[in-house]
Every structure is written in C-alpha cells, then in structure tokens.
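Got your viewer open? Load the file, colour by chain, and keep the selection tool handy.

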Protein chains: 2
Amino acid sequence: MDNLTIALDAMSGDFGPRVTVPAAVHALNRYPNLTLFLVGEPTEIVPLLPKKISYHIESQTVNSLKSDHRKNSSETDIPSNKVRLIITPSTSVISNNIKPSQAVRHSQGSSMRIALELVKDKRAEACISAGNTGALMGLSKLLLHAIKGIDRPALVASLPTLNHKNMIVLDLGANAECNSDMLVQFATMGSILSNSLYGIKNPRVALLNIGIEESKGLDKIRSAAMILNANSINYIGYLEGNELLSGKTDVLVCDGFVGNVTLKTVEGLMRIFMSPFTLSNQKHSFFTKLTNFWLQKKISKNFGYLDPERYNGACLLGLQSIVIKSHGGANQKLLFSAIEQAILAIKQNIPDRIAASLSSILTNSENQLNER
Amino acid sequence: MDNLTIALDAMSGDFGPRVTVPAAVHALNRYPNLTLFLVGEPTEIVPLLPKKISYHIESQTVNSLKSDHRKNSSETDIPSNKVRLIITPSTSVISNNIKPSQAVRHSQGSSMRIALELVKDKRAEACISAGNTGALMGLSKLLLHAIKGIDRPALVASLPTLNHKNMIVLDLGANAECNSDMLVQFATMGSILSNSLYGIKNPRVALLNIGIEESKGLDKIRSAAMILNANSINYIGYLEGNELLSGKTDVLVCDGFVGNVTLKTVEGLMRIFMSPFTLSNQKHSFFTKLTNFWLQKKISKNFGYLDPERYNGACLLGLQSIVIKSHGGANQKLLFSAIEQAILAIKQNIPDRIAASLSSILTNSENQLNER
C-alpha cells in the first residue's frame, strides 16, 4: 500500500480545531498508510489530541512554543517513522469576511497558505481547507498553478441522482463570474473526471439553463453551447433546474454563482425533509409525534442518498495538485469525508489525468487547425 | 360585487386549448362576476366547450369562421349581458423556440399579442398567458408600458416558507441579466407587494447571494446592497440558497436567471418527494409498496404546503396593467390557479398601488437630493 500524505488547514471552518483535530485523528486510525500535516496553532491543537497519539511539532520561526506542549512528541524536529501526525505551526487564520485579493496579499503565515505550501514543496500530496473559498482559489492558483489550457480552476463535486448514479457538477462557487471559454473548459474537465471516477466512456455533458430551447438563457451559455456542439465532448444540450437530479446527464456545467445557489438550495430543502425537527416543532399529540418521528426516519432511509451534504468535499479542479474545499460548517463526520475525498483524488491521480487528456485534446485541436 | 374581465391566451402553453378552455369554463362557473376573453383559434376552442355554455365569437378580419361554429353563440357581434365567454380569434401562436425580439417583430395576429391588446384597449383588466416568457415580457412592455421609475418589469411569485408564511421572490425569469439598479427596483416593488398582499408593515428584504459576508458575490449584488442600505427599504442583507424557505425574509431579490433556476430546482425536488412514482418504480414486495404509498401520502400532507407548483401564476410586476405568466406545462387545475391570481391582482389593484408608492418614494428621494 502506498503512503498517502495530506495537509489539513486545521484552523479553517466554522469550528476550527474542534472539528478538524478529531476528524484527523479518526482518519489516521482508519487509514494506516496516511500521514497528516495539521497546520495551525499548536496550543489550540495539542489539547484536543488523544493522550496516546504520537505527534511531532515542526519548528517554527515566528512563534516559539512552550515546551509543555511537546511532552508527547518526539524531541527532535525529524519525526520518527511511526509518527504520522505532524503539527505545522501557523500564525494567522484567513477570515471569511475578506475579499480574495486582500486575503492573498495578507496570507503569509496563515494556516491555509502553509497547508498549500506543503503541497507546493511536495511534502504533501493534497491540501484540505474549510476556509474562505475565494482565498483558497486565489492562493491555490498562485502557489500550485493551473493546468495548461485551464484559465480558472473550478469547484467540483458529485451529486447523487434519482437513478442512484453520480453527476459531476461544476462550478460550485470558485468563479462567481464566468465566460463561455471557462464554461467549455469546465465541461471538458467534468467529462474527464466523470470518466476517471466512474468509468463512463463518453459522459453526457449538459449546460444548466432557464429553458431547453437554443435561444434561451445568457449569451455566455449560448456561446458555450455552440463551441461544445462543434467539439468532441458528448454535449447533450441544456438542462433546467427541475431536472437537476433526474440523472439525464453525467456532467452539469454552470457558473459558480448559479452552481453555489443551486447546490445550497438542494441542501437546504433536503435538510427540511430529513430533519427530525421540521415536524416536531409543532404542537402535536404523543401519537402524532411518534408517527412523525417514524415518517422522518423513513424519508431519511428512502431519500437520504440524494442529500448532497452526506458527501462533503468539493475538489478545486484544474490545478496541477489536489486541493479539497470542505464545507465551512462541516462537522467531524463531514470533515472526515473530505479527507476521504482527498485520498480518492490522490489514488486516482486526478490532476495528471486531466492534464494528459487536456493536452491530447489541445494537440488534436491544433492539428485540426493546421490541417485546414 | 364588481365585474371582473380577464383576457386569456388560449393557445399558449404545452397543451393549448385542451387545458386553457376547461380551466376557463371552471373559472366562469366559480366566479359569477367574471367575464373571460378566450383568445385563439375558434375552430380549436369551440369543440372543447360544454354544450350548454353561452359564448360569443368576435368578428375577425383575417380568417372568416364557418357558421357551424357559431350555432351556440349569439348571432350579433355584441354579446348579450348573460354571455361571459367571448372568443377573440387569433391567427398565429408565438412559439417557445424563438428569441423575444423576433417574437415581438412577428407578433401581429398572435394570441398573446391580441390578449395583451384587449388589456391595452381597456376591454380586459388582466391578461394571462402560458407562452414564451421573453415574448410576453417584450410585448407587455411595448403595449402596456412600465410604471414610471421601473426600467424592466420582473416575474414575481409568492413562495411558501417553513413558518407557513409567504415570501415574495423576484425576478423569476423575465430578465436573465440584471444590473444593480434593476435589483433595487425589484426590491422596492417586492416590498410594496408584500405590504399590499399580506399586510406586512415593513417587509424584510434580502438579496440572494453565495455568502452572507458583505464581500461575497457579484459586483451588481454588492452595489445593490449598498444602495438598499442607504434607502428606506427594510434591507436585512444576503440570504443563501440553503435558507431559501426558512422564512427569514419577506422579499427575496435576485436576477431572473438565478431566480428561475432556483425556483425550478425547488419544484423538481418537491416533485421527487411528492410523486408516488419515485419509490414505486423499484422492485418491492406488496407490503413495501403499500408502506411507500402511505409514506408519500404522509409526505404530501406534511410538506405539500412548501410545493411552489401548487401556486401557479407569476405576475409580471412593474407594468401599468396586470399580466400573469402561467407555467408552460400547467394542467387545468394550475391554469385555474393562474386565473385566480389574476382576479386577486385586479381586486388588490396592484399596478396602481406600486405606481403610487413608487411615485412617493421617487418624490421623497428628489426632495432629499434638493435639500442637500
């Protein structure tokens, strides 16, 4: 079994180390070949670790650590082979309420940037953060670079569909504004990903739109449709919101604003149906309460597979390395699921597959152009 | 009881007269003070009418009608007082697969245009069409004009929320692209409508966005937020997709593209939960099938009030007259619901109330500017 190494931004998300640390420990127990870098404030991380775990705190230049926080760790700065948990100190956290450009400018020493630098320096194979999406996008592009042929990476996730298959959806929020070229690039990456992850030979690709007729929607969508119709992608046309989970397409492409609103709308509605509190808040007899409890158990059993929140971790696709964005509000279980997403992406070698396929597509297009 | 007169584009929608005619008849039976203009091809409409109904076919200049289609109607062109169903002949139907600009250019004699002209000529107080949204928008603006202070009318509907209240949402698809001024106008109209329809004194207004922090989203949304923060609207900030039905706001504002995708996403998901076929398609024992049937009855009973498809008929708000857009795929029941929406809008005198409130807001703003 190959070793896996992942850097986790331990300070990110709504709950910071309270969620990231136990999720990391769980992942280490579950995957014996996994090594994790927990990037954050050691004084916040160490007290949350189980007593018997071996860890190593890397030396840091900005803050010196009090020695009592190292009592369980190895005494040198070189972790022993057994130590699979390395705490890499950071000195700041990128806030959610900050513009991406500002975040990037003031990112030195932040947990997000250091986690990405671990990937840049080839010390880790993937980075996970539940922090500011725009900042993660900006810093990832700056430090890890986009694949040749991709202007802007996109946030991508698999959504479950009614026929118990998976649909790749992008962009889910990395690029609030997109042009037609970006939509075409998303379609291409989505098609390659659907093939890599699910073995679908010629994945169907659709554009999310407000009508199925050619004339409908925004200029950028109509232009993207024209380009997709002319290239080698298996483009099947427009898909409307009401067909979202129908399974009519393998890849669904939209701009990051619409994708984000749509995904969150599905999540919110699923929560209404799945939550035991939706019905129980009302004044009911004991019997009705019991029936409602049973009802929501049944709903969860029958429709739970459609809940996107069960599958945390969107991939920032189009980078030369693997970056996973976790939900800001993810709990321990969901953050663990994001770590598993990263493991899958490493095993599948997603960035290299995208780069190779794109390069062959680009070469083909160039050859076709030259032949004309 | 005041008389109500409505013009219905009988040829529009996926099913045309097969749905519009029975819905019209049902409405005439239900509302004794209602007079309906059914605009369409008499040869398609008349055979669908019940034998005993009195109707009148208006004379037309383009097609002459065969006399056997008039046997039940009054023989003159002036309908008697008893006749509450008037068939106004049209010679064409605007297709769904046509750009709005093209549709407007070739609209002469179309059922949609004639229905709107009946309102323009003050023969009807409201127009209903299930046809091409873009064409309806373009023709309405051309024939009925926007209220002073409104650049572009918006499609608006009430969505039910978790707390059993109503939330006004606009734009739902009339303007795929919007600027910040339009979003502010939508917010103003939505606020007035929420007050008129539901008596809410100072309706809360939110902008649909991909984050709640000020820096999030698109430029046009951030600009609209700044303007709304400075004016007299009770603007409460951004709302994300996962809070859509939470009831946290009385009015939700977005561009027509996002609004349309979001509404349709909710509709699609509701249909999955409500449909008796979602579960029954699978191979199950008789007992499981029975339980599933009962389960979906229960879901429908408990969550059905959240289904936007139960409330057909979006209003084209911002015009000097009432125009209702029905779902293209509406069945008879839903088209009847659109007729009821039109009746409500007439009774509430919505366009005049919007115009009056807007005029006072505009005057106040001008006075404030002059005082500076």
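What follows is a walk from the pair of chains to the sheet, two helices and a loop residue.

**Before you click.** This is a predicted model, in which local features need pLDDT of at least 70, side-chain atom pairs count only at pLDDT 80 or more, and totals for chains, interfaces and linings use all residues. Residues are numbered from 1 along each chain as its sequence is written, chains are lettered from A and ligands numbered from 1 in the order in which they are written, and side-chain values use heavy atoms, with hydrogens and water left out.

**Stop 1: both chains.** Show A and B together. A turn of 180° with a shift of 0.0 Å along the axis lays chain B on chain A, with an RMSD of 0.0 Å (a least-squares fit on C-alpha atoms of residues with pLDDT of at least 70 in both copies). The two copies are thus related as by a two-fold rotation axis. Of the interface residues of chain B, 98% are also interface residues in chain A, so the copies meet through the same surface.

**Stop 2: the sheet in chain A.** Hide B and switch to cartoon. Helices (H or I, at least four residues) and strands (E, at least two) are DSSP runs numbered from the N terminus, and two strands pair if DSSP finds at least two bridges between them. You'll see an open sheet of 12 strands with mixed pairing, in the order 3-4-2-1-5-12-11-6-7-10-8-9. Its edges are strand 3 (56–57) and strand 9 (234–239), each pairing on one side only.

Now select strand 7 (residues 166–170) of chain A. Of its 5 residues, 4 are buried (buried means under 20% relative accessible area with a 1.4 Å probe, protein chains only). Which strands flank strand 7 of chain A?

- Strand 6 (residues 154–160) pairs with strand 7 in the antiparallel sense over 5 bridges. The two form a hairpin with 5 residues between them, and H164(A) in the turn has a positive phi of about 60°. A157(A) stands opposite V169(A).
- Strand 10 runs parallel to strand 7, joined by 3 bridges. Here V169(A) stands opposite L252(A).

Step across to strand 8 (residues 204–208) of chain A, which pairs with strand 10 (residues 251–253) in the parallel sense over 3 bridges. A206(A) stands opposite L252(A) there. Then add helix 7 (residues 219–230) of chain A: this helix lies across strand 8 and strand 9, at about 155° to strand 9 (the angle, on a scale from 0 to 180 degrees, is between N-to-C directions of lines fitted to C-alpha atoms, for helices over the stretch in contact).

**Stop 3: helix 6 of chain B.** Swap to B and select 180–198. At 1.5 Å a residue, the 19 residues of this helix should span 27 Å, and the end C-alpha atoms are 26 Å apart, which agrees (the expected span is 1.5 Å times one less than the number of residues). Helix 6 of chain B is mostly covered, with 15 of its 19 residues buried. Just past its end sits G199(B), with a positive phi near 65°.

**Stop 4: L245(B).** Find L245(B) in the loop between strand 9 (234–239) and strand 10 (251–253) of chain B. Is L245(B) buried or exposed? At 3% relative accessibility, L245(B) counts as buried. Beyond its neighbours within four places in sequence, its contacts (heavy atoms within 4.5 Å) include L269(A) and I272(A) from chain A, and L159(B), V266(B) and L306(B) from chain B. Finish by drawing a C-alpha to C-alpha distance to N163(B): 8.6 Å, for residues 82 apart in sequence.

How values were computed
Buried < 20%, exposed > 50% of the residue type's maximum accessible area, 1.4 Å probe, protein only.
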